[in-house]
Amino acid sequence: MASTDAERVKQLPPKMLSFSFLRSPAKNGLGPRLGRLAPPGSARIETPHYIALTSRGAVPHLSPDLLKEHADIRGVHVALEDFIERALQATPPLYKIPKSTATNTFKQFIALPQAALLLLAPRRTPPIYCPASNTNTAISILTSVGFRSLESEEYAKATSQLQPDIVVSMGDIVQLGQKSGFKRIDKMGDRTTVWTKELIETLSVEEESRLQIKKPAIFAPILPIEYGQQSYYLEQLRDEMRPNISGLAFYDMSSLAELPSDLSSLPRLSLDEPDSPHKLLYEISLGIDLLTIPFIGAATDAGIALDFSFPPTDVKQNGTPPLPLGIDMWSPVHATDLSPLRPQCKCYTCTRHHRAYLQHLLGAKEMLAWVLLQIHNHHVMDEFFTGVRRSIAGYGFEEDRMRFEAVYERDLPEKTGQGPRVRGYQFRSVGHGEPKRNPLAYKALDEVKEILAESTLPSSSADAMNLEEHGFAEKVNGK
C-alpha cells in the first residue's frame, strides 16, 4: 500500500494536495499512522498533527505577530459562518477580495502567514446548536447577528472565490439536541451526496476556466451514522467521486470501523470534540491524521496552563494519585511562586515570566494573561504531537499510550475563575432561564446603595436642609 501511495503522489500535478505515508499503516487501516501532508503553496505538515481553531479567522488571544513569532501553528480551521452575517443584505467584505496567482488573498484578509494551511468549513468546531433543521439545499448556521441558512450553491461559490488549501464539503449532520429518525437518516446520505457532487462540479469548472489558480483539496464528510445507513453515499465516494476527493472528515470515530478499503489511503480529519489528551490518543490510535482540539482554547479561557507530555516522563508509583493535566493559575498558591508554568518548558511564556505574574494578571483581568496562557498551551500541544510521531515511528505508541493513561488524570481541572467575556456565537445556549455568562460590568457602590435603600427621594420643592436630611447634600462652612 505504501509503495502504491508513493507512486500516486509522484504523478500528482503540483497544484494538488498530496499525502504520503512515512510508515506503512495497519492493513485494516485502524492503527496509528505516520504521514506527511503537502499542500501546494503551504508548508508540509507531519502527521498526526492538529489544526488550530479560529474565531472569525483569528486564533483566540493571538495577534498575527504573536502567531508568527511565538507559536508554531501549521494550519487553521476557519468557518464560513463567521464572515457572512450580512450576506442577505449586502456583499460581505470577504467576497470582495480579488483573486491573485502570487498570494492567497483569503490568508491576507485574516492576516494568516502564507505558509500556514487554511482549512475552510461551513461551521465552527464545535458548532452552536441552531433551532432550524437542514433542508435539501441548505444547512442552518449561526452568524454573529443571528441564524440563517447556508445554501450548498453559495458554499461552493464561496470556496471557488476564497481558494482555501482544504475545504470540507457540506454534510447533513444532525445537530446536538435533534433526533434522527429513519426518514431523517435516509436524507442525510442523499443530501450529502448531492452537496459534495455540487462542490466538485463547481471547483472543476473554475479550474478549467482559470488554470493558473490551484484547486482547493476537497475533504468529504463521513456521516456519524452506521455504514449500512450511508452505504450509497460511501459507494458514490468510492466509485464516482474518488478522483476528486483528497481526504475525509469524521464527526464520529465509530465511522472508521467500516470504512471502505479503497478510501483508507486518504488523509483523515477529525471534527469530533475531544475533551482531553486521552481522547486525542484514542483517535490517533484509530488512524486519524489531523485533529481539531477545542479544549486548548477552553483551558486558556479557564486560566489553566496545560501540563502533560507524551510519552510521559513521570512514572506512577503504586498508591500515588494520577497527575493533573493542567495547573489552575487562579489558585492563590501561585501568588508568590517565581517558577515557570512548567519546568523545562521552552515556550515564550515560561522562559520570560513566572506563575506569580500570571496569577496577578488573571486577578487583574488583564488580557495579557490569556495571551501568555494561549502561547504556552499551544506549545505544550506542539510538543505533545512531536512525541506522538516519535512514538509511532519507534513502534511503541500503544505502550506509551497505556503509560499516559496510568500517569495522568482523565479530565482537565475544573474552572474556578472568571474567563474573558464571551459572545453569543461562542457558546451553546441551554434554554430559557440560563445564568448570564458575563458578570455585570458596572455595579452600584455599596455605600450609595445602602443610603438609597434607607432614604426616600426628596420632593421637587425641597430646600437645602431637606436635601441634607435625605443624604443628597452636605453643608459647607456651616452654610
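This is a short guided tour of the structure, stop by stop, with something to select each time.

Before you start, know that this is a predicted model, in which local features need pLDDT of at least 70, side-chain atom pairs count only at pLDDT 80 or more, and totals for chains, interfaces and linings use all residues. Residues are numbered from 1 along each chain as its sequence is written, and side-chain values use heavy atoms, with hydrogens and water left out.

**Stop 1: the barrel**

Switch to a cartoon view and select strands 4, 5, 6, 9, 10, 11, 12 and 13. They make a closed barrel of 8 strands, running in the order 4-5-6-9-10-11-12-13 with parallel pairing. The twist averages 25° from one strand to the next. A few terms help here. Helices (H or I, at least four residues) and strands (E, at least two) are DSSP runs, numbered from the N terminus. Two strands pair if DSSP finds at least two bridges between them. Axes are lines fitted to C-alpha atoms, for helices over the stretch in contact, and angles run from 0 to 180 degrees between N-to-C directions.

Now zoom in on strand 6 (117-121) and strand 9 (residues 166-168). These two strands run parallel and are joined by 2 bridges. Which residue of strand 9 is the bridge partner of leucine 119? Select isoleucine 166, and you have found that partner.

Add helix 4 (residues 152-162), which packs on the sheet and touches strand 6 and strand 9. Contact here means heavy atoms within 4.5 Å. The direction of helix 4 makes about 165° with that of strand 6.

**Stop 2: a hairpin**

Next, select strand 7 (138-143) and strand 8 (residues 146-151). The two run antiparallel, with 6 bridges between them. They form a hairpin that has 2 residues between the strands. At one point in the pairing, threonine 143 stands opposite glycine 146 in strand 8.

Show the side chains of strand 7. In a regular strand the side chains alternate between the two faces of the sheet. Here Ala138, Ser140 and Leu142 point one way, while Ile139, Ile141 and Thr143 point the other way. Is strand 7 mostly covered or uncovered? It is mostly covered, since 6 of its 6 residues are buried. Buried means under 20% relative accessible area, exposed over 50%, and partly exposed in between (1.4 Å probe, protein chains only).

**Stop 3: salt bridges**

The structure holds 20 salt bridges, each a side-chain nitrogen of Lys or Arg within 4 Å of a carboxyl oxygen of Asp or Glu. Begin with arginine 123 and glutamate 81, whose closest N and O atoms are 3.2 Å apart. This pair links distant parts of the chain: arginine 123 sits in the loop between strand 6 and strand 7, glutamate 81 in the loop between strand 5 and helix 3, 42 residues apart. Arginine 123 counts as buried, at 12% relative accessibility, and glutamate 81 is also buried, at 0%. Add Asp82 and Arg124 to your selection: salt bridges that share partners join Glu81, Asp82, Arg123 and Arg124 into one network.

Move on to glutamate 85 and arginine 56, a salt bridge with its closest N and O atoms 3.3 Å apart. Glutamate 85 lies in the loop between strand 5 (75-79) and helix 3 (105-109), and arginine 56 in the loop between strand 4 (49-53) and helix 2 (64-70), 29 residues apart. Arginine 56 is partly exposed, with 32% relative accessibility.

Then pick arginine 74 and aspartate 72, another salt bridge, at 3.1 Å between the closest N and O atoms. Arginine 74 is partly exposed at 32%, and aspartate 72 is partly exposed at 40%.

**Stop 4: backbone details**

Finish by looking at the backbone in a stick view. Where are the cis peptide bonds of proline 48 and proline 311?

- Threonine 47 and proline 48 are joined by a cis peptide bond with omega about 10°; proline 48 lies in the loop between strand 3 (45-47) and strand 4.
- Phenylalanine 310 and proline 311 are joined by a cis peptide bond with omega about -10°; proline 311 is in the loop between strand 14 (304-306) and strand 15 (326-328).

Two residues other than glycine have a positive phi to look at.

- Histidine 61 has phi near 75°. It lies in the loop between strand 4 and helix 2 and is partly exposed, at 26%.
- Alanine 111 has phi near 55°. It is found in the loop between helix 3 and strand 6 and counts as partly exposed, at 36%.
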